[in-house]
Amino acid sequence: MAVLDSIVEGKVTGIVPFGAFVDIGSGESGLVHISELSSSYVSDISSFIKKGDRVKVKVIRIDDKGKISLSIKQAEKETREKEKSRPKPSPRPDSFDWSARPAQELSFEDKLSRFKHESEEKIRDSRRRMENKRSGGYSRRGGY
């Protein structure tokens, strides 16, 4: 039984000029109108979605006759919002955001790691600059 505002996975069973029919399981299917396929403009449905594709859809309406309206656009939007609100995993030590913590709060090991990381970046940048000067320095002066 389809539940309003739920996000379910279904299989595209048919394509028509105005949308796509999706089987959402338990013998139910609904229509994804062309306007609910994507947040961008869709001129040709068959270039966006194919029969047999598995898609996540949101149940946006169930009318008195039992017709189910679905939306891929709203399902994607909600999924993105949930991922944004999910806490991010702690960063790896080599990708730590040092600007987030003042230097006073760092332990000696953290300060040493920070110094090492910044030094390696400076050395890498210096090597790149030197390599660029070596490869292109003579041509700018007219060549030798």
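Begin by selecting Arg128 and Asp125 in this predicted model, and show their side chains, which meet in a salt bridge with a distance of 3.2 Å from N to O. Both residues belong to helix α3, which covers residues 108–140, and they sit three residues apart, or about one turn of the helix. Colouring the pair by accessibility shows that Arg128 is partly exposed, at 48% relative accessibility, and that Asp125 is likewise partly exposed, with a relative accessible area of 35%.

Leave helix α3 for a moment and select Asp5, Lys58 and Glu78 together, since salt bridges that share partners join these residues into one network. The next stops take this network one pair at a time.

Keep Lys58 and Asp5 on display, and look for the salt bridge between their side chains, where the N to O distance is 4.0 Å. Lys58 lies in strand β4, made of residues 54–62, whereas Asp5 lies in the segment before β1 (7–16), so this pair ties together parts of the chain that are 53 residues apart in sequence. Is Lys58 buried or exposed? With a relative accessibility of 10%, Lys58 counts as buried, because the cut-off for that class is under 20% relative accessible area.

Now add Glu78 to the view and follow the second link of the network, in which the side chains of Glu78 and Lys58 meet in a salt bridge of 2.3 Å, N to O. This pair also connects distant parts of the chain, with Glu78 in helix α2 (residues 72–85) and Lys58 in strand β4, 20 residues apart. Glu78 itself is partly exposed, and its relative accessible area is 22%. The pairs visited on this tour are among the five salt bridges that a search of the whole structure finds.

Next, hide the side chains and switch to a cartoon of the whole protein chain, which has three helices and five strands. Tracing the cartoon along the sequence gives the pattern β-β-β-α-β-β-α-α, and helix α2 and strand β4, where Glu78 and Lys58 were found, can be picked out along the way.

Finally, select the entire chain and turn on its surface, which exposes about 11200 Å², with carbon and sulfur atoms supplying 52% of that area. Of the 144 residues in the chain, 22% are buried, and Lys58 counts as buried as well. If contacts are displayed for residue pairs with a separation of 6 or more, 48% of those contacts come from residues 24 or more positions apart.

Technical notes: Residues are numbered from 1 along each chain as its sequence is written. This is a predicted model: local features need pLDDT of at least 70, side-chain atom pairs count only at pLDDT 80 or more; totals for chains, interfaces and linings use all residues. Side-chain values use heavy atoms; hydrogens and water are left out. Helices (H or I, at least four residues) and strands (E, at least two) are DSSP runs, numbered from the N terminus. Buried means under 20% relative accessible area, exposed over 50%, partly exposed in between (1.4 Å probe, protein chains only). Contact means heavy atoms within 4.5 Å. Accessible areas come from the Shrake-Rupley method with a 1.4 Å probe; for residues, only the protein chains shown count as cover.
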